Each structure stands twice: as structure tokens, then as C-alpha cells.
Amino acid sequence: MSDLQELTNELMQDPDFKKEYEALQPEMNITRAILDARIRAGMTQMELAEKSGISQADICRLEKGTRNPSIALLKRLAEAMDSTLRIEFVPKKT
């Protein structure tokens with residue numbers, strides 16, 4: 001197990017930390033999905049920028065999580081990566 005995973009597991013024992021961590025998960029999932037899709041498509045940020053018409057700097061911000069994408073922007077990215085955008089609502093575990 002990595003040091004980061006060990007630290008995360010330790011911090012997740014704190015209810016306040018866990019609540020904040022879980023609150024950030026939707027944004028982190030979008031960020032990770034964009035990055036994973038680009039890598040799976042075998043594209044650089046610059047190639048994705050050229051194909052989508054979205055600046056490379058904005059793609060970088062999306063992948064870092066410092067910019068929140070609109071649905072329209074996600075659709076443009078999906079099209080540029082020859083992918084289908086799918087958004088899901090998953091029931092919470094009880």
C-alpha cells in the first residue's frame with residue numbers, strides 16, 4: 001500500500017475529513033474521467049485542444065480540477081475523443 005493510501009485511510013477515520021472528502025468526489029470523478037478518456041484515446045492535451053476547439057490551458061485546468069466543465073463542454077470533449085458522454089446517478093450505499 002502506498003504512503004498516500006495509508007494516509008488517506010488514516011484520515012478517513014475522522015468524520016469531518018471523511019465528509020469533506022466525500023463531498024469532493026463528484027468533481028474528482030469528472031476530473032479523472034476526462035484525463036482517463038484522453039489517455040485512452042491516445043491524445044495529448046494539445047491534440048485534444050485542436051480537435052475540440054478548447055484551449056490547451058483550459059484542458060489542463062479541467063484535468064487539474066481547477067475548472068468545472070459544463071455539460072456542453074463535456075459533450076465537445078467526448079466528441080473530440082470519439083467517445084459517448086454518460087452521466088449516472090448511483091444509489092448511495094446504506
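What radius of gyration does the protein chain have, and what value would a compact globule of 94 residues have? In this predicted model, the protein chain has a radius of gyration of 16 Å, whereas a compact globule of 94 residues would have one near 12 Å. The C-alpha trace spans about 45 × 30 × 20 Å along the principal axes of the chain.

The secondary structure consists of five helices and zero strands. Read from the N terminus, the order of elements is therefore written α-α-α-α-α, each run of helix being numbered from that end. Of the contacts in the protein chain with a separation of 6 or more, 42% are made by residues 24 or more positions apart.

With respect to the surface, 22% of the 94 residues count as buried. The accessible surface of the protein chain comes to about 7,500 Å², and carbon and sulfur atoms contribute 53% of that area. The chain carries 14 positive and 16 negative charges, and the mean positions of these two sets are 6 Å apart.

Five salt bridges are present in the structure. One of them joins the side chains of Arg38 and Glu63, with a distance of 2.5 Å from N to O. Arg38 belongs to helix H2 (residues 15-40) and Glu63 to helix H4 (residues 56-64), so this pair ties together parts that are 25 residues apart in sequence. Both partners fall below the 20% relative accessible area that sets the limit for a buried residue: Arg38 is buried because its relative accessible area is 11%, and Glu63 likewise counts as buried because its value is 12%.

A further salt bridge is formed between Arg61 and Asp58, whose closest N and O atoms are 2.7 Å apart. These two residues both lie in helix H4, at a spacing of three residues, which is about one turn of the helix. Arg61 counts as partly exposed, with a relative accessibility of 38%, and Asp58 is also partly exposed, with a relative accessible area of 21%. Salt bridges that share partners join Asp58 and Arg61 with Arg67 into one network.

Arg86 and Glu88 form another salt bridge, in which the closest N and O atoms are 3.6 Å apart. Both of these residues are exposed, in contrast to the buried Arg38 and the buried Glu63.

Methods:
Residues are numbered from 1 along each chain as its sequence is written. This is a predicted model: local features need pLDDT of at least 70, side-chain atom pairs count only at pLDDT 80 or more; totals for chains, interfaces and linings use all residues. Side-chain values use heavy atoms; hydrogens and water are left out. Helices (H or I, at least four residues) and strands (E, at least two) are DSSP runs, numbered from the N terminus. The radius of gyration is taken over C-alpha atoms; the globule rule is 2.2 Å times the number of residues to the power 0.38. Buried means under 20% relative accessible area, exposed over 50%, partly exposed in between (1.4 Å probe, protein chains only). Contact means heavy atoms within 4.5 Å. Accessible areas come from the Shrake-Rupley method with a 1.4 Å probe; for residues, only the protein chains shown count as cover. Lys and Arg count as positive and Asp and Glu as negative; His and the chain ends are not counted. The place of a charge is taken as NZ of Lys, CZ of Arg, CG of Asp or CD of Glu. A salt bridge is a side-chain nitrogen of Lys or Arg within 4 Å of a carboxyl oxygen of Asp or Glu.
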